[in-house]
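Hi,

Here is the structure I promised to pass on. Have a look at it first, and my notes follow below.

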Amino acid sequence: MRSEFLPFSTPTIDEAEINEVVDCLRSGWITTGPKVKRFEEAFAAYVGAPFAVPLSSATAGLHLALLALKIGEGDEIITTPMTFASTVSMIVLCGGRPVFVDIESGTLNIDATKIREKITPRTRAIIPVHFAGQSCDMDPIFSLATEFGLTVIEDAAHAAGSEYKGQRIGSLDSISIFSFHPNKNITTGEGGMVCTRDETLAEEVSLLKFHGMNREAWKRFAASGTPNYDIVLPGFKYNMMDIQAALGIHQLPKLDDFITKRTEIAEFYSHALADIPELALPVCAPFAQRHAWHLYTPLVKVEKLTIDRDQFMTALKQENIGTGLHYKAVHHHAWYRENLPQPEGSLPNADYASDRILSLPLFPKMTLDDANDVVEALKTVITRCRR
Ligand SMILES: *Cc1c(COP(=O)(O)O)cnc(C)c1O
């Protein structure tokens, strides 16, 4: 057994990030300012988005994207139950109705072939989530959107650096929303980015993110600015700070190396765990793509074991291996069971995955020796708890 606890994830922060934050603190300007602008431009260029709006989180991005599209009472938004709750909660908070489409059993991404049957005259948008950093099959989703006049909002929280058929996620004809939470592919501590080709939409999100103010504060206080401003609509306080962007500026150039490292660990897992019948390993879609390997999420076939998934995670912890839970399906959570109950058996693949999924340690600083410790711990627990 490993002597030291291996966490499920930990960010890679080097001297460059630390020095940039210190520079920010010494500069006299710590909230939204020149560093946010630099990060915004670099991120937009990296993903290939004409417009990008930096925010305090991806949750804020989802919220503002829905508001900018005027989603409200009675509007239906199609999405996946295999996501972080905020994807769905933002729909609810805008007054919309989340409509779940089941996932594919292998990739755990939304099953694009099952979307059409859920479209009604009230459907306004589709929110695919690129689960674990693997792109959803976007072509059929875009054709449905065109056919029915729907907007596509990509929850790209896992997908910084992912590609679909040669195109970076962030550059497609949609609104895509990235997260820079510490567990994500790159981090700003907390943070998010809305990317789009639609200038009007980017402007609307930009206004909503900071009080509906017609000019950004740092421009007002710059030598060339004037302190006056106007509130052109009631807005939120969802801006990213320069302290956050200071991290992002130095994380972004490392993203490709991070993905290379993550891919190496993921491939090691897939090879080393291939012959264990108690595990169903992540499946890659057949189309051309770059998987960012944000997560490595096997399903534990609990029917072959004497313990359930939560006990399995506890047993791994006793072997000094941390795990994550991404995700308990959204419709299994208390509020959703109460307020948006789904017909029994209507989301079979999500139900199956929800009770069996766990996330193995996966982060760029991990070594193959660490990954091997994970494999050994999995084998130990499975051997002990086999039926
Ligand atoms: C992390 C995450 C979010 C929320 O991102 P924050 O930046 O923490 O608000 C939304 N959707 C998915 C799929 C996520 O993993």
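Let's begin at the ligand, where one of its oxygen atoms sits 3.1 Å from an N or O atom in the side chain of Lys184. I count a polar contact as a pair of N or O atoms within 3.5 Å; inside the protein, one must be able to donate a hydrogen and the other to accept it, and sequence neighbours count only if both atoms are side-chain atoms. The ligand on its own exposes 380 Å², and the protein buries 93% of that (Shrake-Rupley areas with a 1.4 Å probe).

Before going further, this is a predicted model, in which local features need pLDDT of at least 70 and side-chain atom pairs 80 or more, while totals for chains, interfaces and linings use all residues. Numbering starts from 1 along each chain as its sequence is written, and side-chain values use heavy atoms, without hydrogens and water.

Two other side chains reach the ligand: Thr59 has an N or O atom 2.5 Å from a ligand oxygen, and a polar atom of Asp155 lies 2.8 Å from a ligand nitrogen. Which residues come nearest? Of the 15 around the ligand, they are Thr59, Asp155, His158, Ser179 and Lys184 (a residue is near if one of its heavy atoms lies within 4 Å). Helix H3 (58–68) and helix H4 (85–93) each supply at least two residues of that shell. Helices are DSSP runs of H or I with at least four residues, strands are E runs of at least two, and both are numbered from the N terminus.

As for the whole chain, there are 13 helices and twelve strands. Its radius of gyration is 21 Å, close to the 21 Å that the globule rule gives for 387 residues, so the chain is as compact as a globular protein of that length (taken over C-alpha atoms; the rule is 2.2 Å times the number of residues to the power 0.38).

Two backbone spots to look at: the peptide bond from His326 to Tyr327 is cis, with omega near 5 degrees, and Lys70 has a positive phi, near 60 degrees.

Cheers
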